Amino acid sequence: MSQSGLELLFQGQNLPRLLAGFGVTLRVAAVVLALGLSLGALLGALRTLPNRGLQVVLRGYLEIFRIVPTVVLLFVAYYLLPQLGGLNLSGEAVAVVTFTLWTAAEMSDIVRGALVAVPRHQVEAGAALGLTRAQQLRFILFPQAVPLALPGTINLATRVIKTTSLLLMISVMDLVNVGQTLVEANSHLHPTFAFWLYGALFIGYYLLCAPLSWWAKHIARQRKAVTND
Amino acid sequence: MTEPLLIVNHLAKAYGQTPVLEDINFTVNKGEVVALLGRSGSGKSTLIRTLNGLEPFQGGTLTFAGQAIDPTPATWLALRRRIGMVFQSYDLFPNLTVLANLMLAPVQVAHQPKAQAETAARTLLTRFGLAEFADRYPSALSGGQKQRIAIARALLMKPALMLFDEVTASLDPEMVHGVLALMTDLARADMTMIVVTHEMGFARKVADRILFLDDGRITADMPAEAFFTAPPTESARNFLASMTDR
Ligand SMILES: Nc1ncnc2c1ncn2[C@@H]1O[C@H](COP(=O)(O)OP(=O)(O)OP(=O)(O)O)[C@@H](O)[C@H]1O
Ligand SMILES: [Mg+2]
């Protein structure tokens, strides 16, 4: 019985397993983005405060997570965390923690940059009108910083999604890992199977990342059109 | 009857170790228009920014409407409702429409009902000939329009004192007139104003008094006409000469 590589993709448990892997990728990315972007926004806001000691700590954190490759962070966390705390974390949980810390570090820089890019005069004009500090943040600083931070944030989100493929390294069955396993199990049945399977991975990541990327471009274009103030 | 609104006594201010204002003394009476003149870097902006707490100062006292100002954040918050300020760079909020710019402080700071704040804002826009811009964003306006709206934004808080810091300095020449005309109307309507300006014609015609700031000190405080006909110091003479041959 000769089948094409494409037919093989739809046979047996192949597709459900692939979809399950896609689900893991999606879940990890969603949790990491929700936690990492929020934590990063908070840290970014803290990084605009004048407190020296705090700035040293937060910058050190950013530098470490930026300089060390994410895969190294992941291995360190995977092999060291259980030994240190004696806590029994699943691979997925270790990855979520690591990716969240990395995402938060990157996000803090984006948010800090956006906040300091809003002209100081804007906040001063609010102060001169009698707005409290909280009102200055709520009505002036944050609304102006969000559009500035958005393109970088979307870009970061696509990087986070792609970085989840490192889950393979610590044996979590994400989309790439499932794909890899299926290739190893099925390639001998048909030579073009790997081609179709990697094509499916491509489509999976494309579906996740392309809309984000379009959105970022759209915002950039929109901003160009309105910023003459 | 002259009734003092603002009394500045021995005010001193430094940026770090560098003194910028030294022993500043003057009084502004209700309804008076005072033009604050001086060379670039003489401390004009710094001085008017200390008057509403945008800059802290190190020495001296301020008295506003008979009350000594205790320079705490809470005092400044309360006082800024009564002291309006307009800047050179307009500083309308680009994330808000013109109407929302105008209603922000009346609603959030003065706690006016929205409908009332909107009516007041639209009425003032109409008076300024800017009614058609209510729903536009500031980026769609000319500099002169923005600056008149910035003035309206400050006026809607019904301030007792208005501070202007070179509000026409960024405008194209053809826009300057409209803004100065608006300020002249305000002066005629007895608004108390301190105006930092390089528009000597305006200062001479509209101001009751001139304060001349020379390197952080007030070296002239006199009626406008007297200042322009007989500048009291060498430095003031040179300043006026440099302004007229521009
Ligand atoms: N934030 C600051 N930190 C340190 N020095 C400052 C600061 N702002 C102003 N200065 C200095 O204080 C002095 C007075 O500046 P100020 O802006 O008050 O002058 P000005 O009279 O308003 O000048 P201009 O006509 O150019 O606006 C200048 O020497 C200036 O360099
Ligand atoms: Mg100035």
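**Entry 1. The salt bridge between the chains**

I looked up E124(A) first and found it in a salt bridge with R49(B), the closest N and O atoms being 2.7 Å apart. I use the term for a side-chain nitrogen of Lys or Arg within 4 Å of a carboxyl oxygen of Asp or Glu. Between chain B and chain A the count is 1 salt bridge.

The model is a predicted one, in which local features need pLDDT of at least 70 and side-chain atom pairs count only at pLDDT 80 or more, while totals for chains, interfaces and linings use all residues. Residues are numbered from 1 along each chain as its sequence is written, chains are lettered from A and ligands numbered from 1 in the order in which they are written, and side-chain values use heavy atoms, with hydrogens and water left out.

**Entry 2. The interface**

I noted 6 residue pairs in polar contact across the interface of chain B and chain A, both residues at pLDDT 80 or more. A polar contact is a pair of N or O atoms within 3.5 Å; within protein, one must be able to donate a hydrogen and the other to accept it, and residues adjacent in sequence count only if both atoms are side-chain atoms. On the side of chain B that touches chain A, the elements giving two or more residues are α2 (73-80), β6 (83-86), α3 (98-108) and α5 (143-155) of chain B. Helices (H or I, at least four residues) and strands (E, at least two) are DSSP runs, numbered from the N terminus. By class, that side of chain B has 14 nonpolar, 5 polar and 5 charged residues. Here Ala, Val, Leu, Ile, Met, Phe, Trp, Tyr, Cys and Pro count as nonpolar, Asp, Glu, Lys and Arg as charged, and the others, Gly among them, as polar.

I then took the totals: 24 residues of chain B are in contact (heavy atoms within 4.5 Å) with 20 residues of chain A. The area buried between the two chains is about 1,900 Å², and carbon and sulfur atoms give 59% of this. Buried area is the accessible area (1.4 Å probe) that two parts lose on being put together, summed over both.

**Entry 3. The helices that carry the pair**

I checked helix α6 (residues 120-128) of chain A: 7 of its 9 residues are buried, so the rest of the structure largely encloses it. Buried means under 20% relative accessible area, exposed over 50%, and partly exposed in between (1.4 Å probe, protein chains only). E124(A) is one of the buried residues of α6(A). Those buried residues pack against α7 (133-163) of chain A and against α1, α2, β6 and α5 of chain B. Just after α6(A), G130(A) has a positive phi of about 95°.

In chain B, helix α1 (residues 44-51) is mostly covered, with 7 of its 8 residues buried. R49(B) is among them, as are K44(B) and T46(B). G53(B), just after α1(B), takes a positive phi of about 80°.

**Entry 4. N52(B)**

N52(B) lies in the loop between α1 and β4 (59-64) of chain B. I found N52(B) buried, at a relative accessible area of 1%. Not counting residues up to four places away in sequence, N52(B) touches A128(A), W76(B), R80(B), I83(B), M85(B) and L163(B).

**Entry 5. Salt bridges of E55(B) and K30(B)**

I listed 17 salt bridges over all chains. The side chains of E55(B) and R49(B) meet in one of 3.2 Å, N to O, and both residues are buried. E55(B) also forms a salt bridge with K13(B), where the closest N and O atoms are 3.2 Å apart. This pair links distant parts of the chain, E55(B) in the loop between α1 and β4 of chain B and K13(B) in strand β1 of chain B, 42 residues apart.

K30(B) and E3(B) are joined by a salt bridge of 2.8 Å, N to O. K30(B) is in the loop between β2 and β3 (33-37) of chain B and E3(B) in the segment before β1 (4-15), so the pair ties together parts 27 residues apart in sequence.

**Entry 6. Ligand 1**

I listed the residues around ligand 1 (a heavy atom within 4 Å); among them are Y15(B), R39(B), K44(B), E166(B) and H198(B). An oxygen atom of ligand 1 is 2.8 Å from a polar backbone atom of G41(B). For S42(B), the distance from a polar backbone atom to an oxygen atom of the ligand is 3.3 Å. An N or O atom in the side chain of S45(B) is 2.7 Å from an oxygen atom of ligand 1.
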